[in-house]
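The following exercises are to be worked with the sequence and the model at hand. Each task is followed by a solution in steps.

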Amino acid sequence: PAAENPSKSENTQKKKEYTTLQCWLIMILTYIFGFGIGVLVLVFSPEDEISPLTIAFYTDCISTMVVFIFSLIFQNTSLYDPYWGFYPIILITYWQMVSPYESSAKNWACWGATLFYSLRHGYLYFR
């Protein structure tokens, strides 16, 4: 009889099965942790020394890494998918807070379009 390939069986890991409630908790905690760290970067970045664009870039990179690491830990890269719907709202809200320009209808229209995109993305993901 042919022997099993031991290297193949050693490298394959059985995925753990989670309940729906566990999946929701994992996702919620991942995003609270990821966005929490991102918000800390926003709050403690010296705005007078670093441009808001650079701060937003660092925040996005750090939040992305945290969420991606959680997706690797739980062996589910789909954990990262909702990020594309959540992060734009945080980013555009930050931009409105640090903008040197007065708030205008154009700014609010942009924020509203981003909110619509995020809600639509969330609806399509969670339905």
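Helices, as counted here, are DSSP runs of at least four residues, and strands are runs of at least two, numbered from the N terminus. The model is a predicted one.

**Exercise 1. Determine how many helices and strands the protein has, and in which order the elements run.**

Solution. Step 1: the count gives 5 helices and 0 strands. Step 2: read from the N terminus, the order of elements is α-α-α-α-α. Step 3: of the contacts with a separation of 6 or more, 70% join residues 24 or more positions apart. Step 4: of the 127 residues in the protein, 24% are buried.

**Exercise 2. Compare the span of helix H3 with the expected value.**

Solution. Step 1: H3 covers residues 52-73, which is 22 residues. Step 2: at 1.5 Å a residue, 32 Å is expected. Step 3: the distance from the first C-alpha of H3 to the last is 31 Å, close to that expectation. Step 4: beyond the helix comes Gln75, with a positive phi near 50°.

**Exercise 3. Identify the buried residues of H3 and explain why they lie on the same side of the helix.**

Solution. Step 1: apply the cut-off for burial, under 20% relative accessible area. Step 2: the residues of H3 that are buried are Ile55, Ala56, Thr59, Ser63, Val66, Val67 and Ser71. Step 3: these residues lie on the same side of H3 because their arc around the axis is only 140°. Step 4: an α-helix has 3.6 residues a turn, so residues three or four places apart point the same way. Step 5: the exposed residues Leu53 and Phe57 are carried on the face of H3 turned away from its buried side. Step 6: the cover over the buried residues of H3 includes helix H2 (20-44) and helix H4 (83-98).

**Exercise 4. Which residues form the largest nonpolar core, and which helix gives the most to it?**

Solution. Step 1: the largest nonpolar core consists of 9 residues, namely Ile26, Met27, Tyr31, Phe35, Val67, Leu79, Tyr80, Tyr83 and Tyr87. Step 2: at least two residues of this core come from each of H2 and H4. Step 3: H2 gives the most, with 4 residues. Step 4: a second, separate core has 5 residues, among them Ile55, Ala56, Tyr94 and Val98.

**Exercise 5. Which residues does Tyr87 touch, leaving aside those up to four places away in sequence?**

Solution. Step 1: Tyr87 is one of the residues of the largest nonpolar core. Step 2: with sequence neighbours up to four places away not counted, Tyr87 touches Phe35, Ala56, Thr59 and Asp60. Step 3: Phe35 also belongs to the largest core, whereas Ala56 is in the second, separate one.

Key
Residues numbered from 1 in each chain as written. Predicted model: local features only at pLDDT ≥ 70, side-chain atom pairs only at ≥ 80, totals over all residues. Heavy atoms only, no water. Expected span 1.5 Å × (residues − 1). Buried < 20%, exposed > 50% of the residue type's maximum accessible area, 1.4 Å probe, protein only. Arc of directions from axis to C-beta. Contact = heavy atoms within 4.5 Å. Core = buried A, V, L, I, M, F, W, Y, C linked by side-chain atoms within 4.5 Å.
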